[in-house]
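Colleague: I'm new to this one, so could you show it to me and then let me ask a few things?

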Amino acid sequence: MPFDPSQIPIVQIVFFVMTACAIGGAIGVVSSPNLFHSALYLVLSLFGVAGYYVLLSAGFLAVVQLMVYVGAIAILILFAIMFARRLMGQGENQNNQQWWLSLPIVMILFAVLVGVVNTVSWPVSGAEPTGDTVMELGHAFLGSYLIPFEVVSILLSVALIGGIFLAREKVEAEEA
Amino acid sequence: MMPIPLSWWLTVSAALFSIGVYGALSRKNAIGILMGIELVLNAVNINLVAFWRYIAPTDISGQVFAIIVITVAAAEAAVGLAIIIALYRRRQTAVVDDLDLLKN
Amino acid sequence: MDLEFIISLIVQIVMIGVIAVALMTAFAAMVMVERKLLGRFTLRYGPNRVGKYGSLQIIADMFKLFFKEEVIPGHVERTVYLMAPGLALVPALMAFAVVPIAGAPFTLPFQIMGTPITINPWIANVNVGVLYILAIGSLGTYGVILGGWSSNNKYSLLGGLRTSAQMLSYELPMGLAMLSAILIVGSMQLTNIVEFQASYLGGFFWLILVQPVAFIVFYICALAEAGRSPFDLPETENELIAGFSTEYGGMKFGLFFAAEYVHMIVVSFIMATVFLGGWSGPFAQQAPFLGIGYLLIKVAFILFTMIWVRASIPRVRFDKLMKFCWKFLLPVSIANAAATALVLAVLFF
């Protein structure tokens, strides 16, 4: 049989590579004995998810994922770990006493979820996304989703101010 | 015809969700728990975007929800890490089992 | 998926390779030019021993770096330590992918298996180009933060923390400056941004004319993001030895060094594209090669001013650097973006 390049399932290959990143990274996050390495695995996993968004033709979300998750949240976590070196607890056991109990529970959860996913017949529509999704998103945020958008911005500002207040050193020391 | 069936996405997302839950349940360290929760939120986002793409691609709501989830995750990480740093300053630990001031 | 697709894929891969090599060459040339210019600025000759007027100095330096013994200190976190220089360089190269270097696709003068070959003047033309640049820019922090942490050295850690804090902070005004520009264009696609600038005022409606404040903010942030003087806190030799790169030697240090310069070159390309009209200029639409020339002239000018700044302005103290970002640049760029939005709303609605 001659080699037929049209038989190469490129999209599926990309999907599996991304899955290897996302799931492999996730397993690394929960199993690595070193917290810093855990955070690096988290970055890998977030990368995989960004790749998923590209495959799902949600390019804007992929970029937002890179910017917010990989570029900000993960770095914040790394920062927190670096600032407090003893947080890492290097060499000690990172699991609590109930980890052996949570493992089967989580496996059952996964089995149930997969069962549900494969029994429900999803009403898949063959339609393609229309128009410029970025522009549509903008219209949605300033139109039908205006109030959630505002609420979320207030939440974010409150969280940031609260975060600064909590993590701040003693005020007297600051004033001097 | 889409090259990847919807159920693959949902399965992957279920796996990510379960791993995240396991991380949140089994980790001793508060930052480890936080990372587990981030995984859970990501799993939710994959679901939202996959449903948007496969079931209602003409309605942008799926992506709107996903962006709101990402924003909330950012807020959660900011507050969570601030609490952990403040705790660490005061108690020199971030292991949640040691934080038992209210026990007696 | 047929022959045409395969060929376009190969063309794409070749193009990526060519651009990566071109950027690395530009890095080498840039080091040379900078040393020469800095010499002149400070009334010295600069390197003038190897080759004519010292033009081969950089090649000699590269040989030196290549043939240095690869020392990996015993106290480092090996995997992460080896990963960090690559993680610093790759995002700097990746950001170039969305920059359009000319106005129209090139057609090669020959055919492969009867298929004419056209090369797009960009690697990827995504509709979220500006956001892509910002996102990739934020990945550059990883090389620094990992290099600083894995070295297991307090100077490295301090340098890494400082640099990443600096890069994270200056991303915000940078994004807001970009926002002011794309508010006017109404698109985040870089090709649209250039075409917009080329289509008004006889092809000279450069966004710097309507957004001078955004351009200046962007310029300052670009210096800070690339770790250039006066914001070269990462390399404050006199207080932090060499910051996050203290424990790196030979080619690994070379990669960090290259990352800084490539970052600076790519950011100049982006600045030229967004604020100075990119490839646009007289007859650039008809003759794509002319467009490359215009773009390179603009980029060369920006790079020259960056060296000029380095020769003229002393280094800023770290706390002042952060204060400058949060208490001056950020409010200014927010006000600028808000004013732009207001003016646009009044004019067009």
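Modeller: What follows is a short talk through chain A and the contacts between the chains, and please keep in mind that this is a predicted model.

Colleague: Okay, chain A to begin with, how many helices and strands does it have?

Modeller: Chain A has seven helices and zero strands, and from the N terminus on its elements therefore read α-α-α-α-α-α-α, taking helices as they are numbered along the chain.

Colleague: And what percentage of chain A is buried?

Modeller: Of the 176 residues in chain A, buried residues make up 31%.

Colleague: What about its contacts, how many join residues at least 24 apart?

Modeller: If you take the contacts in chain A between residues at least 6 apart in sequence, 55% of them join residues at least 24 apart.

Colleague: Switching to the chains together, which pair has the most contacts?

Modeller: Two pairs of chains touch, and of these the pair with the most contacts is chains A and B. Chain B and chain C, by contrast, do not touch, and their nearest C-alpha atoms are 13 Å apart.

Colleague: Then how many residues are in contact between chain C and chain A?

Modeller: On the chain C side there are 20 residues, and they are in contact with 15 residues of chain A. Helix 4 (129–150) and helix 5 (154–185) of chain C each supply at least two residues of that side, with helix 4 of chain C giving the largest share, nine residues.

Colleague: What kinds of residues are on that side of chain C?

Modeller: The side of chain C that touches chain A divides into 15 nonpolar residues, four polar and one charged.

Notes. Residues numbered from 1 in each chain as written. Chains lettered and ligands numbered in written order. Predicted model: local features only at pLDDT ≥ 70, side-chain atom pairs only at ≥ 80, totals over all residues. Contact = placed C-beta atoms within 7 Å. Helix = DSSP H or I, 4+ residues; strand = E, 2+ residues; numbered from the N terminus. Buried ≥ 20, exposed ≤ 12 C-beta atoms within 10 Å, placed from the backbone. Nonpolar A, V, L, I, M, F, W, Y, C, P; charged D, E, K, R; others polar.
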